[in-house]
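Here are a few exercises to work through with the model open in front of you. Try each one before reading its solution.

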Amino acid sequence: MSLLSVLNVGTRAIFASQLAMDVAGQNISNADVEGYSRKRLNLQPDYRFDSAYGQIGMGVDVINIERLRNEFIDEQIRRQNQQVGYYEELDYTLESIENIFTEPSDTGVIHFVDQFFDSWQNLSNNPSDISARTMVRTNAEILIDVFHNVSGELANLRQTRNEEIQQQVNKINEICKELHNLNLEIGTVELNNQNANDSRDRRDLLLKDLSKIIDISVVENETGQITITTSGNIIVSPVYYQELETTTATTKLSDGTSIMEIGVRFADSKNIYKPQGGLIKGLFESRDKIIPEYQKQLDTLANSLVTKVNELHSRGYNLKGFTGINFFDPNLTGSSKIQLSASILSDVNNIAAASGGESHPASQNLLSAGSHDFGSTPVQLYRDPLALPLIEARNILTGTVIVSTGSATLVEGSDYHIDYVNGTIQMLHSGYDGDDLQIDFNYRSGGFAGPGDNSTALAIANLRSELTMNNDIHGNGTSSFAEYYSSMIGRLGLSRNEADSNLRTRIFLVNQYETHQDAIAGVSLDEEMADLIKFQHTFQAAARLVSIADEMLDTLLNM
Amino acid sequence: MRITMNQLNRSMQYVLNNRYSDLCNLQEQLATGKRLMRPSDDPVDVANALKLETKLREYQQFKKNINDGLAFMNVTGTAMESMNTLLQRARELAIQASSDTIGDTERQYINKETEQLLRQMVALIDTKYKGDYVFSGNQTKIPPLQYISSVSNTVEDYTNYRMAYFDSSAVALGSTVQIFNGFDDTPVKNIIPGTFELQIADTSFVEGVDYEVDYLAGTLTILSPDLLLDVTPGTPAYDISQVKLKFDSLSPGKDIYGSPISSWGTIERTIESSITMQINITADELTTDFNSGNNLIDTMIRFGQNLLRSDHAGIESAIEEIDYAFNAILAAQSKNGARINRFETTLVRNENQFTETTALQSELVDAEMAETISKFLLTENIYNAALKASSRLIQPSLVNYL
């Protein structure tokens, strides 16, 4: 053993402690960097074999710089993170819907439905009052505005989900591209048995980000390169990466309008991408299931309101005794489109608060044979020609009259003329003289009940508490407007609650796993400081060793 | 287990974040006084609260309906009370006129007062509430009774077909002819006694001498040969502008189909969920005694006619007929009174229900202040403690001691 080898041992110790200081310095300076894993310098004693003494120390040997990280925990984090992404999106959408409906408050839809029916009640108290009529129209217009507004907001939310899908696809592509580059880099570095610690840190961080957006499974090969598959399709492999691309498709909405919607597929294989998890799955579910569900329910509410009100209103009588007027435009359905009918918009007097008599069927056989030929003079029709005294059938309903000879059906206008008010029939030519005529028709008893009659207004006002929605198998409603709406809001709250508590649980789990990872990969400043002191002392001691060896050499040389 | 700085940081942030969001929630509850801010706060309670809200609005509307109905019925009631008073006076007059001690001239005077009573009765029957005739049933814009006046003898009246006419050209002296309304060619009925004047070409004809009038039926009995004329408008044989046939008559209001309106039509108010109550009394109910079929207006006109003719027996029977009219009004009054009672009871119940539902609603939706404040204080304390502990723990490291 020579003094020179002592010098050598000292030099290696100095070198090793310098390297250790480097590692500690790197750890300290990256302590706060996200995704950074603690590095450790692995050392081992070097030795040679001496024939006299056996193994003799040759100083310290640097094995490698090790990255301290539990990759199994990373995988657990990724799995939970995917759920976090999914529930975060659902929670966001449901929260937005809650905000759109603004319940419970006095600006929600049901408040204005109530107000609408209140104004009908009010009209029923003053059926001929113009201001009560204007109230009905104004409140109906407000209600329509609210419906338009809420459905517009829902459609808007749905549209933003599409934009979000586009953005997320871009993000996925960027991440995959970078992962592919890192794969190449790590492969090159580790092929030479060197560490690619920092690239691996970066890759793990990217994987964590990616796992929040889509469901991924990651497999690493022996050269440290990874293969990522999502829903059974490879997007990154050691040699290749595949982008996602968006397609547009037209979707028809329940109110008849169509919107452009975005689909996602793999750029190379052109396979449709069906996400199994992550934010993207949440986005698709929000767009295709959750938002349409509320759009549909709102449409159902608006449509039944229109149908039920129109049904009663068209049977009612306006201030001037006309009937058959629709309150809402019957051709415009869906919460985004409903509108008042033109006649209500033009004149509030057309609001039908009054009712008329009832429609009754009747039929009559006019014997024209022989002396009963009635030629071209008007003939009175009776409610029941067999019951005495005869009652004239006035107010015949248009479109209900059928006149036939048994073999031929006569045509109104060319064969006969009906005076609908007085209930008379008049033949227009002599072609059917001598034939028996069978006349079927409906007449209305009573007629316009008068401007003070409020029965139609009352009937419409009573719709509020009537069971009009959710028909059972017999077609009878099982809930009122308010019940239907409040159960919809209740379900909304429950879904949000569910998404929210799922989200909390997942976040908690991710937090737990990250804490675990922190225990392994996190930098402890105390530890690093202690290491610094330790390596400082090692350095000093090694330097001392070199200088003592030097003195000893001096002594030898001066002998 | 190794504990690192990041771990401390993470758990500290997690805890602080959670406590802070708790505080934020409680602050929101305290600031608004509401426990439920959004459906997810408590889905079941929010759904129930929404239903109760609808109920509350319904109660409020029913209350309005009840009050409006009460006002309507009170107007009706007041009119009927006045009617009663007028009828009392008519009865007194009938008793006075039936006495043998007064002469024909006095009876004429009594008829003058009777005419005024009749006109006042008509005014009462035409009572309005908020612009609507209360005794008209559903035809609230048409008065139950309206005056039709046949006016003077100007050419304008003739062209407007406003003038009444009769045709006695083809009948014998002493026979009876119907007077027609020039407006729509319908027979004139219910002429108000004492308003009839007949003048042709400056010759005034005297009732009882030249002719007799049946005021109820609107017929004329011709006693003078000078009156055997056709005064139908447009008849060239006679210059219409020479005829003066002046009187006031009463006619029931007619709907757009031309039928009299007073006999039917109900006005209703919803006073409770799906309970509607009629609030109106029709003119028929008011004027016609159900048992005897006696009509108040007919009675008054017949009474007036008998006064004019000094028909003793007729005047005496008027007393009995007025009693029948009393029956009709009393029946209508008690009907109205019973309805007012029903409305008032319902109003009390409505107010009770409103109060109870409000309490229930408040229990669901409103924040329990004392509880929320103490929760808030508790959370605040925890939050402060967490902050303090964190700040103490995060500061030191080995660096401070080297």
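**Exercise 1: a small sheet**

Strand 4 of chain B and strand 8 (residues 219-222) of chain B run antiparallel, and three bridges join them. Keep in mind that this is a predicted model.

Task: Work out which residue of strand 8 of chain B is the bridge partner of B:Val177, and what the order of the strands in the sheet is.

Solution: Start with the pair. B:Val177 has B:Leu220 as its bridge partner. Now widen the view: the open sheet in chain B has three strands, ordered 4-8-7, with antiparallel pairing. Its edges are strand 4 (176-178) and strand 7 (211-214) of chain B, each pairing on one side only. From one strand to the next, the twist averages 25 degrees.

**Exercise 2: checking a helix**

Task: Find out how the span of helix 3 (residues 109-125) of chain A compares with what 1.5 Å a residue should give.

Solution: Count first: the helix has 17 residues, so it should span 24 Å. Then look at the end C-alpha atoms, which are 25 Å apart, in agreement with that. As for cover, 15 of the 17 residues of helix 3 of chain A are buried.

**Exercise 3: where the chains meet**

Task: Say which helix supplies the largest share of the side of chain B that touches chain A.

Solution: Begin with the contact itself: 51 residues of chain B are in contact with 51 residues of chain A. Helix 1 (5-32), helix 2 (43-98) and strand 10 (268-272) of chain B each supply at least two residues of that side of chain B. The largest share, 13 residues, comes from helix 2 of chain B. By type, this side of chain B has 19 nonpolar, 19 polar and 13 charged residues.

Methods. Residues numbered from 1 in each chain as written. Chains lettered and ligands numbered in written order. Predicted model: local features only at pLDDT ≥ 70, side-chain atom pairs only at ≥ 80, totals over all residues. Contact = placed C-beta atoms within 7 Å. Helix = DSSP H or I, 4+ residues; strand = E, 2+ residues; numbered from the N terminus. Nonpolar A, V, L, I, M, F, W, Y, C, P; charged D, E, K, R; others polar. Expected span 1.5 Å × (residues − 1). Buried ≥ 20, exposed ≤ 12 C-beta atoms within 10 Å, placed from the backbone. Pairing = 2+ DSSP bridges. Axes fitted to C-alpha atoms, helices over the stretch in contact; angles between N-to-C directions.
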